[in-house]
Every structure is written in structure tokens, then in C-alpha cells.
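Colleague: I am new to this structure and would enjoy a close look at a single part of it. Could you show it to me first?

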Amino acid sequence: MSKFIDRLLDPDSRREEGQPQVNLRRLPSAIGWIAIILVIGIYLATGIYTIGPSEEGLVKRFGAYVGTVDPGLHYHLPAPFESVVAINILEVRKVEIGFRTVSPAPNARYQTVETEALMLTGDGNITHVEIAVQYRVKDATMLAFNLINSGEIVKQAAEATLREQVATRTLDETLTGLRDTIGIDVMTALQGFLDSYETGIAIDNVQLQTVKPPSEVVAAFDDVNSALQDKEKLINEASRYALDLVPRARGQAQEITNQAEAYKQTRILGSEGDVARFVEVLSKYELGPEVTRIRLYIETMEQILPSMDKIILSEQTDGLLKLLNLDTAGGGQ
Amino acid sequence: MKPLIAFLIVVVIAMIGYNLFTFSVDETQKAALLQFGEIVRIIEDPGLHFKIPFIQAVTYLEDRVINYDIQPLDVYTADQKRLAIDNYAIWRVGDPQRFIESTGGRLNNAQGRIDEIVFSDLRNILAGHTLDEIVSEKRSDYLQQVTELSREKLADFGIVLIDVRIIRADLPTEIEQAVFERMRSERLRIAAQLRAEGEEQAREITSSADKEVEIILATALKDAERVRGEGDAQALEIYAEAYNQDPDFYRFWRTLESYQVALASDTQIVLSSDSDYLRFIESMFDK
């Protein structure tokens with residue numbers, strides 16, 4: 001084994017193969033060289049590095065930036081000549097204002113940080129806003145060489161920007177329709193600040209998590225909501241009353257109208273009936289008026305007189321002497 | 001043996017030489033070369049630089065943007081309201097020479113200066129404005145003024161003040177409670193108003209329904225009377241038309257008809273024997 005190494009290291013050894021004592025004398029030197037080559041090899045190997053798939057590698061030579069390398073296996077001159085800073089440029093980082101994620105999804109739990117979340121509105125009220133800012137690295141050299149703590153600077157700037165934006169709005173604007181514009185405006189302004197600080201950070205989005213009245217006054221705000229419900233309820237009940245009442249009245253009106261119509265028709269038809277009989281009789285009456293009159297007269301007398309108590313007074317008997325009770329007379333016979 | 005030792009000696013000399021005669025400045029740094037405590041050279045470019053060993057020493061300075069969260073301070077506004085203001089300053093080392101001369105190159109000292117200067121400028125500017133103005137959109141302008149004032153002063157310390165912003169402006173607890181109280185009463189007022197409006201609309205709806213019902217019924221009754229009248233009128237017309245053909249006969253006919261109804265049974269009647277009907281009885285007696 002040592003022979004082999006010896007030969008490898010010393011080309012002369014082949015010529016002097018017959019003198020093994022020479023080889024033995026050179027052995028410590030050979031071990032020294034092997035050690036040095038090993039050390040140099042290990043030293044040089046420290047320059048091997050990998051850049052992850054979402055990273056960018058910034059290569060510095062004596063501290064000065066010389067270039068950027070893409071993901072993969074790379075080599076740089078070992079320290080102190082060159083060094084590499086790997087920056088994750090794809091990772092979306094997150095800053096939370098007004099709350100903290102206690103445990104991530106699933107079963108996410110959040111904790112509110114009131115001192116961050118409470119802020120003054122433009123109309124002198126206080127509102128509770130929680131936002132999450134997501135950002136990415138857009139310029140790795142700026143981020144690496146210009147910033148000490150990117151998360152902290154984004155958080156401070158975001159908090160300041162959020163408060164400035166909320167201060168331009170009224171309380172109702174933050175709670176209702178215009179609330180979504182807060183996120184957009186914060187994003188625009190925040191990006192402006194971060195660019196002016198030369199941070200190399202791009203804001204992906206600003207999500208409005210929770211916007212609500214402060215917990216101290218939440219009961220009063222809830223009361224407004226319940227008042228709104230009460231109002232709706234009163235109106236609905238009134239509408240129901242109206243919807244129930246009016247059709248019934250219309251029905252009743254129709255009934256009255258129909259009854260009147262029935263009366264009218266009854267009267268007309270009744271009169272027509274009465275008249276029809278008279279007209280019929282009249283047409284025949286004209287054939288012999290005198291005779292018909294007598295006949296009708298006598299027929300009527302026949303119908304009505306039998307059931308009446310009758311007292312007949314004679315003209316010629318001078319007063320009541322010749323009174324004749326026909327019924328009694330009849331009964332007496 | 002000799003080449004091995006020679007090699008090792010070369011390596012060691014190179015290492016010592018590197019450390020003695022050169023120094024490297026990182027992208028995140030600036031450096032100043034001091035000779036017996038005096039600045040002889042400022043290095044702004046990163047990379048490898050040379051120095052004279054033992055005589056010259058290197059002081060490194062931070063060349064990155066520093067965000068400094070200034071201690072919260074109380075500010076009185078023009079309308080005598082107290083605000084607890086927490087702000088931050090974004091700064092970096094601008095002029096290394098001045099920076100080292102005035103702060104000894106120490107960040108803590110520099111931030112102490114920033115504290116003092118930004119404090120006083122912020123206090124002065126905000127004291128000229130009311131609370132409402134400070135929490136309004138004008139805040140950015142005031143902060144711009146503070147930034148510019150402080151920037152000018154801090155330039156003397158070799159500090160570049162990039163920006164000053166208010167992270168938080170909190171009202172003192174007692175004023176905060178007053179604000180909450182006001183918000184609460186305002187909401188209760190709105191709630192009361194909403195309920196009253198509900199009552200208003202409900203009453204409007206019910207009463208207009210009641211009104212409509214009464215109008216519908218009255219209209220129906222009015223129309224009904226008219227219809228009845230029409231019926232009566234038409235009947236009258238029919239009767240009149242028919243009976244006018246022979247009024248005399250009608251009188252006779254109708255009278256006879258009414259006898260049948262009016263002269264019901266159990267009526268006592270006194271008949272004269274010379275009435276039309278009994279005329280013949282008289283003549284019978286006479287015979």
C-alpha cells in the first residue's frame with residue numbers, strides 16, 4: 001500500500017525500486033504531503049454550496065457583491081475570498097397587525113393585540129382594525145445589503161400606514177362600504193414607503209382581517225343592529241296587517257256590491273213579473289171591460305168575504321133594526 | 001521534507017500578510033481607517049482594501065437602513081390634549097467621518113441623538129396643531145415637516161434621516177373612555193331613531209291600510225245604494241209604463257188585489273145592503 005502511494009507521489013521511486021531504504025526515509029514527507037493535500041482538499045470543498053429552488057444566491061468577493069447565481073449546485077472560492085448569501089425570493093412572508101396567529105390552520109387560533117388594533121378615525125372615534133400584510137422579496141441585493149430586519153421594518157411601516165389611512169376615514173366608513181378600500185390604500189402607500197427606504201420588498205397584498213367597533217362599545221353597536229331588526233320587524237308586522245286587512249275589505253265591498261246588484265235585479269224582475277200579469281189581464285180586459293170588471297169584483301168578494309164577520313145594514317130599515325147577522329143566522333139554521 | 005516545509009511557510013506568511021496588510025469591507029458596511037485615532041481614509045466601496053499594519057486600525061460602520069423604534073412620548077396638542085405617540089425613524093449612516101467624530105461610531109449614541117432631536121421637533125410641530133388635525137389626513141404633512149427639520153439637524157452628526165412616522169398615537173385612558181362614552185351614546189341615539197322610524201313606518205302602513213279599508217267599504221256602500229236606486233227606478237218605470245196603459249183599470253185591479261191581503265179573516269165588516277155587491281139582497285128582501 002505504502003509502495004503504491006510512494007510511487008504515486010514520487011515518480012523517481014520507479015527508477016530506484018531496488019533501494020527500499022530510500023523509500024522508507026521519504027515516508028514522513030509523503031504523509032505530510034498527503035495531509036496537506038487532504039487539508040487543501042477539505043478547504044477547497046468548503047466552497048461547494050447549493051442554492052434552493054426558491055432561492056437566489058448573492059456571491060460576495062472580499063465582501064463586495066460580484067454576482068447572483070440561480071438554484072442548483074455551485075462553487076465559490078473558500079473564505080476569506082468569497083462568500084454567499086442565500087435569499088428566499090419566492091417565499092411569501094407575513095406580518096400581522098392587531099392580532100397574532102397562535103396556532104396555524106387547520107384549527108387556526110388567533111389572539112387579538114388590542115394596543116395595535118385600536119386606532120383613531122378621522123371623526124375622532126376609535127375603531128378596531130386587524131390586517132395581515134403579505135410580502136415578498138423583489139430585489140434580493142437590496143434586501144440583503146440594505147436591511148437589518150425586514151419583518152420589523154415592514155411591520156412598523158405597515159402599522160404607521162394603516163393608522164394614517166384609518167385617520168382619513170370616518171368610523172362608519174371603516175365599518176361599512178368603504179372598508180375594503182383601506183386594504184388597497186394601505187398597500188399602495190406602504191409600497192411607496194418601502195420603496196423610498198430602498199428595501200427591495202414587494203407587498204403582495206394587505207388583507208383586512210377584522211374591522212369592528214372596540215369591545216368597550218360593541219354592545220351599543222349591537223343595539224343598533226337589533227334596532228335595525230326591530231324596525232324591520234315592526235314594518236313587516238304592519239305590512240302583514242295591511243295585507244290581511246285590505247283584501248278582506250275588498251271582499252266585503254264586493255259582497256255589498258253583489259247584494260245591491262241582487263236587489264236591483266230582484267226589483268226589476270219582480271216588477272216585470274207584476275206587470276206581466278197585469279198586462280196579460282189588461283189585454284183580455286179590453287175584450288169586454290164591463291163584464292170583466294164585474295167578474296173580477298165578484299170573484300174577489302167571493303174570496304174575501306167568507307172568512308170575515310159581516311154585518312149588513314139595509315137602507316130601507318132605517319138604522320140598525322133590520323140588522324142581520326148572516327153568520328149567526330146561518331149558524332142558527 | 002524541504003518542499004513541504006517551504007509550502008507551509010508560504011501559506012502561513014500569506015495568512016499573516018492578509019491579516020496585517022488587508023481588510024475587507026462587506027456590502028452592508030462602511031469603514032474608516034484610523035491612524036492613531038485620527039481618520040485617514042473613509043472606505044465606502046465594499047471589497048478588499050489595504051492598510052498599514054499596527055499603525056492603522058479599521059472601524060466598521062453599519063451601512064444598512066436602520067429602523068429605530070423611538071420610545072413612546074407624551075405630546076400636548078394645541079387644544080391641550082395629551083397624546084402618547086410611538087414613532088419610528090428610518091435612518092442610515094451618511095457621512096462616516098462626521099458620524100465617527102460625533103458618536104464614536106456607536107449606533108446607541110446615534111440613536112440617542114435621534115431621540116432628542118426627533119422628540120423635540122415632533123413635540124414642537126404637534127403642539128401647534130389640534131388633536132383633530134393630528135389624527136386627520138394632515139398628519140403626513142406634519143410628519144414631513146418633522147422629518148425635514150430633524151434631517152437638517154441630524155446631518156451634522158453624519159446621519160441621514162430617511163423618514164419619521166407615527167406608529168401609534170394613543171389617547172390617554174380618561175380621554176379614551178370619554179370617546180367610548182360618546183360613541184356609545186351616539187349609537188344608542190341611532191338605535192332609538194331606528195326604532196322610532198320603524199314605529200313611524202309601521203303606523204303609516206297600518207293607518208293607510210285602515211284608511212283604504214274604510215274607503216273601499218264606503219265606496220262599495222255608495223255604489224250599492226246607487227245600484228239599489230237604479231233597481232227601484234227601473235221597477236218604477238216598468239210599473240208606470242204598464243199601468244199607464246189603463247190607469248182606471250189598474251186602480252180597480254190593484255184595489256181588488258189588496259182587498260185579498262188587507263181584509264184578512266176575522267175582520268168585522270159592516271156592509272150596506274145597497275152596496276154594489278149586496279144590492280141584490282135588498283131587492284130580495286123587498287119581494
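Which residues does Leu190(A) touch, not counting residues up to four places away in sequence?

Modeller: Happy to help, and please keep in mind that this is a predicted model. Leaving out residues up to four places away in sequence, Leu190(A) touches Ala157(A), Ala158(A), Thr161(A) and Ile203(A). Leu190(A) also has a special place in the largest nonpolar core: among the 75 residues there, Leu190(A) and Ile159(B) touch the most other members. Apart from this there is a second, separate core of seven residues, and Ala260(A), Ala220(B), Ala224(B) and Val227(B) are among them.

From here we can turn to the contact between the chains. Chain A brings 94 residues to the contact, and chain B brings 94 residues. On the side of chain A that touches chain B, the elements giving two or more residues include helix H5 (150-166), helix H7 (179-196) and helix H8 (218-285). H8(A) gives the most to that side, with 41 residues. Sorted by class, the side of chain A that touches chain B has 51 nonpolar, 22 polar and 21 charged residues.

Strands take part as well. Strand E12 (309-313) of chain A is another of the elements on that side, and five bridges link E12(A) in parallel to strand E10 (residues 268-272) of chain B. In this pairing, Ile312(A) faces Leu271(B) as its opposite in E10(B).

Within chain A, strand E2 (residues 55-61) is worth a visit too. Five of its seven residues are buried, so E2(A) is largely enclosed by the rest of the structure. E2(A) pairs with strand E5 (residues 82-88) of chain A in the antiparallel sense over seven bridges, and Leu58(A) stands opposite Val85(A) there. E2(A) is also joined to E3(A) by five bridges, again running antiparallel, with Val69(A) as the bridge partner of Gly57(A). E2(A) and E3(A) make a hairpin with two residues between them, and Phe62(A) in the turn has a positive phi of about 50 degrees.

Last, a helix in chain B. Helix H2 (residues 96-103) of chain B has Pro96(B), Phe99(B), Ile100(B) and Thr103(B) as its buried residues. Viewed down the axis of H2(B), these buried residues fall within an arc of 100 degrees, so they line one face of the helix. They pack against several elements of chain B, including strand E2 (29-35), strand E8 (82-93) and helix H3 (107-127). After H2(B) comes Gly104(B), with a positive phi near 70 degrees.

Note on methods: Residues numbered from 1 in each chain as written. Chains lettered and ligands numbered in written order. Predicted model: local features only at pLDDT ≥ 70, side-chain atom pairs only at ≥ 80, totals over all residues. Contact = placed C-beta atoms within 7 Å. Helix = DSSP H or I, 4+ residues; strand = E, 2+ residues; numbered from the N terminus. Nonpolar A, V, L, I, M, F, W, Y, C, P; charged D, E, K, R; others polar. Pairing = 2+ DSSP bridges. Core = buried A, V, L, I, M, F, W, Y, C linked by C-beta atoms within 7 Å. Buried ≥ 20, exposed ≤ 12 C-beta atoms within 10 Å, placed from the backbone. Arc of directions from axis to C-beta.
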